[in-house]
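Q: Could you walk me through one part of this structure up close? Keep it relaxed, but give me the details.
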Amino acid sequence: IVKGLLRDKSSTHAIFRLQTVTSGFYVRNTNGAPTLTVFEKAMPSYTVPQGLAATYGETLADIMLPEGFEFEDKLTTSVGAAGSRSFKVKYTPKDTRRYLVAEGIDVKVRVNPKKVTDAKVTGIKTMYYTGKSITQKNLKVEGYRAGTDYTVTYRNNKKAGTANVTITFKGNYSGTLQKSFQIKMPVPKKNKVYKDKKYQYKVTK
């Protein structure tokens, strides 16, 4: 570790040139004489953080790490999509004079879907009986993508009455929304001919 030792003849000080990439050193005077103590810094022992969790939309700042650990990325970094995500942390021991800072430690973070409890749903309107299953083609959930963030299912949507709509969130989101709409019988129009499987009839009044 000690690369060279020089002594200034005009003084009582020893001059040292050190290689300290992975080493530490300190100098103290004992009875007026300079004393150099050199030692190798050791890798600290630590336990890799487990059970880390976040919610979609959060950042690393929202994750609490054990004492001594910190993320190597900026705390404003997004935790990413729902699922298991990997990040690197470093561990700084209390005694940095004798121990190195451990860097590049891989940790797993479970990113949970964000629960949706309320959202603006548009495009639902009263429909009229057709004899077939009726859906709402213009239904949208503002701020979310159909098919990617949610799916839509229907119940009681064939006969006249109240039809039920269930919006189920998925992917980066979780939760359900319940909506409904009315299916009414159409008002017959005068002089129009109507047909069904057996009969044909015309409205005269």
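Leaving aside its neighbours within four places in sequence, which residues is Gln136 in contact with?

A: Keep in mind that this is a predicted model. Once the neighbours within four places in sequence are set aside, Gln136 is in contact with Gly123, Ile124, Lys125, Met127, Tyr154 and Phe181. As for where it sits, look in the loop between strand E11 (127-128) and strand E12 (140-141). Being in a loop doesn't leave Gln136 out in the open: its relative accessibility is 6%, under the 20% limit, so Gln136 counts as buried. One of those contact partners, Lys125, also shows up in a polar pairing: a polar atom of the Gln136 side chain lies 2.7 Å from the backbone oxygen of Lys125.

Another loop has something to check in the backbone. Asn156 lies between strand E13 (150-155) and strand E14 (161-169). Asn156 isn't a glycine, yet its phi is positive, at about 55°.

Now for the sheet. Four strands make up an open sheet with mixed pairing, and the order across it is E5-E8-E7-E6. Strand E5 (52-55) and strand E6 (69-71) are the edge strands, each pairing on one side only. On average, and ignoring direction, neighbouring strands here are turned by 45° against each other.

You can see the mixed pairing in two of the joins. E5 and E8 run parallel and are joined by four bridges, with Thr55 standing opposite Asn112 in E8. Strand E7 (residues 83-91) and strand E8 (residues 102-112), on the other hand, run antiparallel, with eight bridges between them. There, Ser86 stands opposite Lys108 in E8.

Side chains in a regular strand alternate between the two faces of the sheet. In E5, Leu52 and Ala54 make up the covered face, while Ala53 and Thr55 are on the uncovered one.

The aromatic rings are worth a tour too. Searching the whole structure turns up nine aromatic pairs. Take Tyr46 and Phe69: their ring centres are 6.1 Å apart and their planes sit at 80°, over the 60 degree limit, so this pair is edge-to-face. Tyr46 is in the loop between strand E4 (33-40) and E5, and Phe69 is in strand E6, so the pair ties together parts that are 23 residues apart in sequence. Phe69 is buried because its relative accessible area is 11%, under the 20% limit. Tyr46 is partly exposed because its value of 35% falls between the 20% and 50% limits.

Tyr46 has a second ring partner, Tyr91: the centres are 5.7 Å apart and the planes are at 40°, which is neither under 30 nor over 60 degrees, so that pair is tilted. This pair also links distant parts of the chain, with Tyr46 in the E4-E5 loop and Tyr91 in strand E7, 45 residues apart. Tyr91 has 15% relative accessibility, again under 20%, so Tyr91 counts as buried.

Finally, there's an aromatic cluster to pick out on screen. Its members are Tyr56, Tyr144, Tyr150, Phe169 and Tyr173.

Key: Residues numbered from 1 in each chain as written. Predicted model: local features only at pLDDT ≥ 70, side-chain atom pairs only at ≥ 80, totals over all residues. Heavy atoms only, no water. Pairing = 2+ DSSP bridges. Helix = DSSP H or I, 4+ residues; strand = E, 2+ residues; numbered from the N terminus. Axes fitted to C-alpha atoms, helices over the stretch in contact; angles between N-to-C directions. Phe/Tyr/Trp six-rings, centres within 6.5 Å; stacked < 30°, edge-to-face > 60°. Buried < 20%, exposed > 50% of the residue type's maximum accessible area, 1.4 Å probe, protein only. Polar contact = N/O pair within 3.5 Å; in protein donor to acceptor, adjacent residues only side chain to side chain. Contact = heavy atoms within 4.5 Å.
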